[in-house]
Every structure is written in C-alpha cells, then in structure tokens.
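Here are some friendly notes to read alongside the structure. Take them one at a time and find each feature on screen as you go.

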Amino acid sequence: YTILSKVHSDRNVYPSAGVLFVHVLEREYFKGEFPPYPKPGEISNDPITFNTNLMGYPDRPGWLRYIQRTPYSDGVLYGSPTVENVGKPTIIEITAYNRRTFETARHNLIINIMSAEVDFPLPYQAEFFIRNMNVEEMLASEVLGDFLGAVKNVWQPERLNAINITSALDRGGRVPLPINDMKEGVYVMVGADVPFSSCLREVENPQNQLRCSQEMEPVITCDKKFRTQFHIDWCKISLVDNTKQVSTFQEVIRGEGILPDGGEYKPPSDTLKSRDYYTDFLITLAVPSAIALVLFLILAYIMCCRREGVEKRNMQTPDIQLVHHSAIQKSTKELRDMSKNREIAWPLSTLPVFHPVTGEIVPPLHTDSYDNTSMPLMQTQQ
C-alpha cells in the first residue's frame with residue numbers, strides 16, 4: 001500500500017506515480033555522523049532537525065511534503081508523485097543539523113518515479129477526514145495499514161491503494177488547542193478499481209445531508225468498523241468517480257489560414273478634417289448667458305420699477321390713521337429733544353471728599369447750570 005524506506009547515504013527509491021510515497025529520516029542514523037561529546041557513560045540525545053530541498057533549488061517539488069514535529073522526533077518525507085514526473089530522477093538534498101554542536105551532515109535521496117502498472121488505475125477515489133490523527137501518526141506503516149484494512153473490509157475492492165495524505169492545517173484548518181490531547185486531523189485519499197459500496201453511498205442520502213447541514217452526525221452503518229481506532233467525519237467524505245467525468249477538451253478545427261474576402265482595405269486618412277466649433281460655443285456659452293441676462297432684467301424690473309412709493313401709500317391710507325401716526329412721531333421727537341437738553345448734577349455721595357494724593361478737602365464741583373437752591377444728598381464736610 002505504501003513505499004517505506006529508511007534514510008541512507010545516496011539512497012535510490014522507486015515510487016510509483018499515483019501511489020503514496022513515504023520516506024523516514026531517522027535521527028538514530030544521523031547520530032553516527034556527529035561525534036559524541038557527552039561524558040563517558042552518558043547517552044547522547046542531541047536535538048536534530050532536517051532541511052530538505054531539490055538539488056539546485058531552495059525548496060522541494062510541489063508533490064513532496066516534509067514534516068518533523070519536534071527536534072527529538074524523526075522527519076518524514078511524503079507525497080504522491082504525478083504522471084508528469086515519470087522517468088525524471090529527482091535528487092533531494094537532506095541536510096541534518098545538530099542543534100547542540102551546530103554541526104551538519106548531508107545526504108542525497110534519488111527518487112526514480114515509475115509509471116503505474118495499468119494505463120487507467122484507480123478510477124474510484126474516496127477521501128476521508130480522520131479527526132483523531134495527526135499526519136505523522138497516520139504516515140506510520142502500521143496505522144496506515146490498519147486504516148486501509150478497514151476501508152477494504154467496507155469497500156471490498158480487488159485493488160486498493162493510498163493515493164495521498166494531507167494535514168488539515170494545509171486545507172485551512174486551525175491549530176487545535178492543547179486540551180485533552182486534541183489532534184489537528186488528516187485527510188486520507190484512497191483509490192480502488194470497483195464502484196463505491198452502499199455503505200459509502202449512505203452519506204449521499206437526503207436524511208444524512210440534512211443532518212450534516214444541521215451539524216449533526218449522519219447515520220452510517222459501517223461507521224462501527226472504523227470507530228474503534230479512527231473517528232471519521234462522514235460529512236466531509238468526498239467520492240470521485242473518474243469514469244463519469246466528461247472531458248472538457250474541445251478539438252481545435254484548423255482552417256486554411258486564409259481570411260474571407262471582405263473587399264478592398266481602405267485605411268483611414270492621415271489628415272484630420274477641420275471642425276467648426278461655432279455651434280458648440282453657442283450651446284455652451286451664449287445660450288446660458290442669454291437666459292441669465294433675461295432673468296436679471298426681470299428681477300431688476302420687479303425690484304426697481306414696481307415700487308409703490310410713499311405718495312401712493314399715503315393715498316391708500318385713511319386720514320385719521322395718518323394723523324395718529326404724525327402725532328406719535330411729533331411727540332417722540334419732542335421727548336428726544338427735551339432729554340438732550342436736560343442736565344442733572346452728580347450726587348455728592350459719588351464725588352471724592354479728600355484729595356487722593358495730598359489729603360486736602362476737595363469742594364464739590366458743579367457745572368454753572370447747577371441749581372444752588374437744591375438740597376444736596378450729603379452736606380460738605382468742614
């Protein structure tokens with residue numbers, strides 16, 4: 001079901017196109033590349049990390065992934081080779097870093113991708129989402145073998161292969177909380193040569209589709225065969241039948257390369273024809289100006305030539321009203337004239353009694369028009 005190999009110097013591997021490929025980078029092997037510096041009798045457990053890249057390039061091929069959870073765990077290269085890479089040797093440079101001594105060791109992995117055994121393999125493909133697994137746990141040969149055995153027991157195919165494994169984080173999933181040993185989840189795609197079983201088709205029932213839309217677990221009869229070890233999210237299962245896919249390729253009908261006769265070609269003239277802008281001037285400037293002038297004249301006639309005047313107003317006003325109005329105006333004018341001629345002396349209580357600098361007695365000052373017969377508010381101090 002899968003190709004599993006251990007790391008060696010310049011190792012050649014031969015995976016098949018369309019079949020899951022797994023290559024383990026074991027820390028125990030690379031420990032021999034670094035000299036043991038601990039004291040005698042102590043076991044060296046140096047943190048080791050790996051860097052993998054295609055020879056001559058900074059990254060790996062698009063179909064090849066790499067994962068290493070911690071510096072104290074093994075690294076894993078995994079992926080599904082494509083048909084386009086058949087016959088092209090792929091050299092992967094593996095560099096091991098000792099995080100204690102900062103030493104490095106490099107090995108080459110030569111991947112020779114072979115063609116599939118048949119021309120049209122695995123037409124029926126199903127992708128499962130397993131919620132209680134991480135990708136490195138699923139890549140272990142015994143775990144993957146148990147899962148394929150459960151699928152084969154449900155599907156009953158003659159040929160069953162693991163096509164690809166993808167972490168849920170690569171599909172846009174979130175990093176799980178470190179509570180109750182939660183897992184990130186993993187997608188596993190398998191392919192077979194027989195149609196899907198009735199158990200796998202149960203997820204397409206309207207009742208199960210309704211339960212999935214309401215975020216409820218669908219009722220699957222064969223779920224108990226997986227539940228002991230694998231918790232499958234049946235709402236996220238994907239069933240693909242490649243035998244029913246219609247090719248969208250359209251054959252291109254090539255002609256003779258001769259365009260139909262459309263008459264003699266007449267290119268546009270090189271010289272530009274002169275244009276008369278007089279009409280545009282009238283429309284944009286003269287017409288709005290004329291309308292504004294007419295409105296101004298109408299407004300001026302209403303405000304200046306249509307005034308009634310004082311004489312016309314008096315003619316239309318009753319005589320008794322004019323007499324009352326004239327009397328009020330005359331009385332108001334007389335009161336204002338009398339208030340202008342009125343002069344009143346300042347009260348003695350508001351005038352200074354002593355000079356503010358010399359301290360001498362200051363007599364009250366009054367104007368010539370002051371009436372001496374009037375009694376002051378306060379007697380002058382002697």
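**Notes on the model**

1. Let's begin with a record. UniProt, in an unreviewed entry, lists residues 281–304 as "transmembrane region". Please keep in mind that everything here rests on a predicted model. In this model the span 281–304 is 100% helix and 0% strand, and the C-alpha atoms at its two ends lie 33 Å apart.

2. Next, the sheets. As a reminder, strands of a sheet pair through backbone hydrogen bonds, either parallel or antiparallel. One open sheet here has four strands in the order β2-β8-β7-β4, and its pairing is mixed. Which strands stand at the edges? They are β2 (11–13) and β4 (48–54); each has a single partner strand, so one side of each is left without a neighbour in the sheet. From one strand to the next, the twist averages 25 degrees.

3. Stay with β2 for a moment. Strand β2 runs parallel to β8 (residues 104–111), and three bridges join the two. To see one pairing up close, pick N12: its bridge partner in β8 is I110.

4. Another open sheet also deserves a look. Its four strands follow the order β10-β11-β9-β12, with antiparallel pairing. The edge strands, β10 (160–167) and β12 (238–241), each pair on one side only. Ignoring direction, neighbouring strands of this sheet are turned by 15 degrees against each other on average.

5. How many bridges join β10 to β11? There are seven, and β10 runs antiparallel to β11 (residues 186–192). A good place to check this by eye is N161, which stands opposite G191 in β11.

6. Now for the cysteines. A disulfide is a covalent bond between the sulfur atoms of two cysteines. The structure holds two disulfides, and one of them joins C199 to C222, with an S to S distance of 1.4 Å. C199 sits in helix α4 (residues 198–201), while C222 is in the loop between α5 (206–213) and α6 (224–227), so the pair ties together parts that are 23 residues apart in sequence. Why is this disulfide called left-handed? The torsion about the S-S bond of C199 and C222 is about -70 degrees, so the disulfide is left-handed.

7. Finally, some empty space. Rolling a probe the size of a water molecule over the atoms shows where such space is left. The second largest pocket holds about 250 Å³. It is lined by 15 residues, and F129, A168, G173, E184 and K236 are the closest to its centre. What classes of residue make up the lining of the second largest pocket? It has seven charged, six nonpolar and two polar residues.

Notes: Residues numbered from 1 in each chain as written. Predicted model: local features only at pLDDT ≥ 70, side-chain atom pairs only at ≥ 80, totals over all residues. Heavy atoms only, no water. 1 Å grid on protein atoms, 1.4 Å probe; cavity = no way out; pocket = protein on both sides within 12 Å on 5 of 7 lines; lining within 4 Å. Points joined across faces, edges and corners; volume = space filled by probe spheres on them. Nonpolar A, V, L, I, M, F, W, Y, C, P; charged D, E, K, R; others polar. UniProt positions renumbered as here; feature names shortened; annotations may be inferred. Pairing = 2+ DSSP bridges. Axes fitted to C-alpha atoms, helices over the stretch in contact; angles between N-to-C directions. Disulfide = S-S within 2.5 Å.
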